[in-house]
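Subject: Structure for you to look at

Hello,

Here is the structure I promised to pass on. Please open it next to this email and follow along.

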Amino acid sequence: TASVVLSNVQIDNPGSDAIYASSFRGSFTMSNSTVIGGYWGVYAYYTSSITLIDNVLEESFRTLYIYQPSNFATIERNSVSCQYQCIYLYTYYDSTASVVGNSVKGADITSPSALQLMYILSYKRYSDYLLLEDNSFGNWQPHLNYDALYADIRQTSGETGDISLSNNRFYNITARHVFNLFFRTSQVPVNVANLYDSNLEALDATYPSVFHIADWPETCGGGACSLVGNIFNYSLSPGQYHLAVPVSVAEVDSIDAKLSYWGAEDESLVVQTIFDGRDDAGFSSIKYLPYLLTSDPSGDRSSNETSLPFLLPGSILSGILREGDSVTLDAAGSPYESDGSLIIDGFLEIMPNVTIHMKASSSMVIRKGNMKAVGRDDAPILFTSLTETWSGVVVNELYAVSPGFKLLLAYDESNSYSYSLGKE
């Protein structure tokens with residue numbers, strides 16, 4: 001049960017681990033000290049608590065390893081650099097963690113097999129918290145398919161806690177994802193608002209992105225979870241995204257990312273930096289309006305509170321037909337062409353003699369809305385594709401469960417077929 005306090009201590013180039021603290025019930029505190037080199041700079045395993053404040057911890061192969069402190073871990077105002085992995089943090093059950101005001105970066109010479117700047121695995125219970133705030137992460141190019149910062153946040157049903165991953169800066173990082181959040185939590189409110197400032201080089205990733213959300217809990221759909229206020233200043237290449245959210249729409253309808261800066265003022269350019277339900281109808285959509293017109297969080301913002309229209313000039317169909325909106329496609333505007341999968345949450349009416357060219361592999365998803373398409377013998381309605389095959393009209397039964405849902409696809413008015421899903 002002893003407690004260990006180190007202050008104004010310097011350890012240079014040890015043969016293995018600089019500081020090794022394992023399996024004791026006391027606390028470990030280090031401040032105003034310097035550790036240079038070693039395999040692990042500080043290795044703390046099953047301690048009661050660990051406090052690291054105002055230290056220089058540099059050039060270790062793996063600099064900080066903190067595993068299941070039973071009470072708390074406080075890592076504040078440290079300068080941390082590494083060759084392979086800078087911080088590994090694993091909190092469990094009632095423990096809390098505060099990682100605030102640190103500078104975390106790759107050493108001048110990094111390992112060819114470099115892993116992560118920081119890895120977080122957090123099992124949460126009761127009223128504990130995880131703070132990752134006011135840190136800077138940079139100068140990093142991991143090996144192959146790794147993320148610069150990976151956070152796996154878990155909590156079982158009925159538990160509460162607070163998670164804040166905000167006001168951090170990410171710079172000069174090449175990675176599969178700069179920040180990858182795997183969030184499997186039931187009732188934890190979370191706020192994520194950071195500054196991302198550099199270039200993204202596409203490594204081997206399905207959705208190469210600056211910020212990637214691998215999972216998002218259903219309870220976040222009610223607004224408890226927020227991506228409001230992120231600043232994306234990365235320079236992207238085609239096929240790269242500032243934000244990628246391949247999260248099933250069955251789990252969360254939409255995620256709030258308003259008042260963020262997306263590296264452009266033109267809304268048509270903004271949406272190209274976001275991967276969501278506009279790209280794949282099976283995924284959640286991102287609420288990005290209004291958005292900032294400058295990287296200054298207090299600067300000008302767009303006054304647009306509505307998304308890009310479903311029907312664009314040139315008879316282009318795009319994105320989501322919002323709830324409460326209605327669009328009629330008539331023969332005068334035909335043929336129409338989609339720029340990807342289409343989601344119908346409002347009312348879409350397609351008149352006779354209309355042709356719709358769907359983009360290859362795309363689909364038209366009747367999600368929350370209704371569609372009426374009634375042709376005539378001399379003026380049929382044609383769904384087709386200019387090039388490859390497309391994926392058809394899809395009725396999303398996860399949403400189409402109200403008595404008011406109707407999908408009408410008919411040869412003519414006298415021989416119409418009404419398809420209805422709903423509860424009695």
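Below is what turned up, topic by topic.

**The whole protein**

Keep in mind that this is a predicted model. The protein has 424 residues, and 53% of them are buried. Its secondary structure is made of one helix and 40 strands. Look also at how the chain comes back on itself. Take the contacts between residues at least 6 apart in sequence: 62% of these join residues at least 24 apart.

**The disulfide**

How many disulfides does a search of the whole structure find? There is one. A disulfide is a covalent bond between the sulfur atoms of two cysteines. Here the two cysteines are Cys-82 and Cys-86, with sulfur atoms 2.1 Å apart. Are Cys-82 and Cys-86 buried or exposed? Both are buried. The torsion about their S-S bond is about -85 degrees, so this disulfide is left-handed.

**Around Phe-61**

Now go to Phe-61, in strand β8 (residues 56–67). Leaving out residues up to four places away in sequence, Phe-61 touches seven residues: Gly-38, Tyr-39, Cys-82, Gln-83, Tyr-84, Gln-85 and Ser-111. So one half of the disulfide, Cys-82, is among the contacts of Phe-61. Tyr-84 sits 23 residues away from Phe-61 along the chain, yet their C-alpha atoms are separated by 5.3 Å. Phe-61 has 24% relative accessibility and therefore counts as partly exposed.

**Strands β10, β12 and β15**

Next, follow strand β12 (residues 103–106). Its covered face holds Val-104 and Gly-106, while Ser-103 and Lys-105 are on the uncovered face. Strand β10 (residues 79–91) runs parallel to β12, and four bridges join them. Cys-82 stands opposite Gly-106 in β12. Strand β15 (residues 136–140) also runs parallel to β12, through three bridges. There, Ser-103 stands opposite Ser-136.

**Two open sheets, and another strand pair**

One open sheet has five strands, in the order β27-β28-β31-β34-β37, with mixed pairing. Why is one side of β27 (311–312) and of β37 (382–384) left without a neighbour in the sheet? These strands stand at the edges, and each has a single partner strand, so one side stays without a neighbour. Inside this sheet, β28 (residues 316–317) and β31 (residues 336–338) pair in the parallel sense over two bridges. Ile-316 has Glu-337 as its bridge partner in β31.

Another open sheet has four strands, in the order β29-β32-β35-β38, and its pairing is parallel. Its edge strands, β29 (320–321) and β38 (393–395), each pair on one side only. Between β32 (residues 342–344) and β35 (residues 364–366) there are three bridges. Ile-343 has Val-365 as its bridge partner in β35.

Then find strand β30 (residues 326–329). Val-327 and Leu-329 make up its covered face, and Ser-326 and Thr-328 its uncovered one. Four bridges join β30 to β33 (residues 347–350), and the two run parallel. Thr-328 stands opposite Glu-349 in β33.

**The largest pocket**

Rolling a probe the size of a water molecule over the atoms shows where empty space is left. The largest pocket has a volume of about 810 Å³. Its lining counts 36 residues, and Ser-268, Val-271, Gln-272, Ile-274 and Asp-279 lie nearest its centre. Which elements give two or more residues to the lining? They are β23 (241–244) and α1 (267–270). By class, the lining has 15 nonpolar, 15 polar and six charged residues.

**Backbone details**

Two cis peptide bonds deserve a look. One joins Leu-289 and Pro-290, with omega about -5 degrees. Pro-290 is in the loop between β26 (285–287) and β27. Another joins Ser-334 and Pro-335, where omega is about 0 degrees. Pro-335 is in the loop between β30 and β31.

Finally, check the phi angles of two residues. Tyr-46 is not a glycine, but its phi is positive, about 55 degrees. Tyr-46 is in the loop between β6 (40–45) and β7 (49–53). Its relative accessibility is 35%, so Tyr-46 counts as partly exposed. Asn-172 is not a glycine either, and has a positive phi of about 50 degrees. Asn-172 is in strand β17 (residues 162–173). At 43% relative accessibility, Asn-172 counts as partly exposed.

Best wishes

Notes: Residues are numbered from 1 along each chain as its sequence is written. This is a predicted model: local features need pLDDT of at least 70, side-chain atom pairs count only at pLDDT 80 or more; totals for chains, interfaces and linings use all residues. Side-chain values use heavy atoms; hydrogens and water are left out. On a 1 Å grid over the protein atoms alone, a cavity is a set of points where a 1.4 Å probe fits but cannot get out, and a pocket is an open set with protein on both sides within 12 Å along at least five of seven lines; lining residues have an atom within 4 Å of a point. Grid points are joined across faces, edges and corners, and a volume is the space filled by probe spheres set on the points. Ala, Val, Leu, Ile, Met, Phe, Trp, Tyr, Cys and Pro count as nonpolar, Asp, Glu, Lys and Arg as charged, and the others, Gly among them, as polar. A disulfide is a pair of cysteine sulfur atoms within 2.5 Å. Buried means under 20% relative accessible area, exposed over 50%, partly exposed in between (1.4 Å probe, protein chains only). Two strands pair if DSSP finds at least two bridges between them. Contact means heavy atoms within 4.5 Å.
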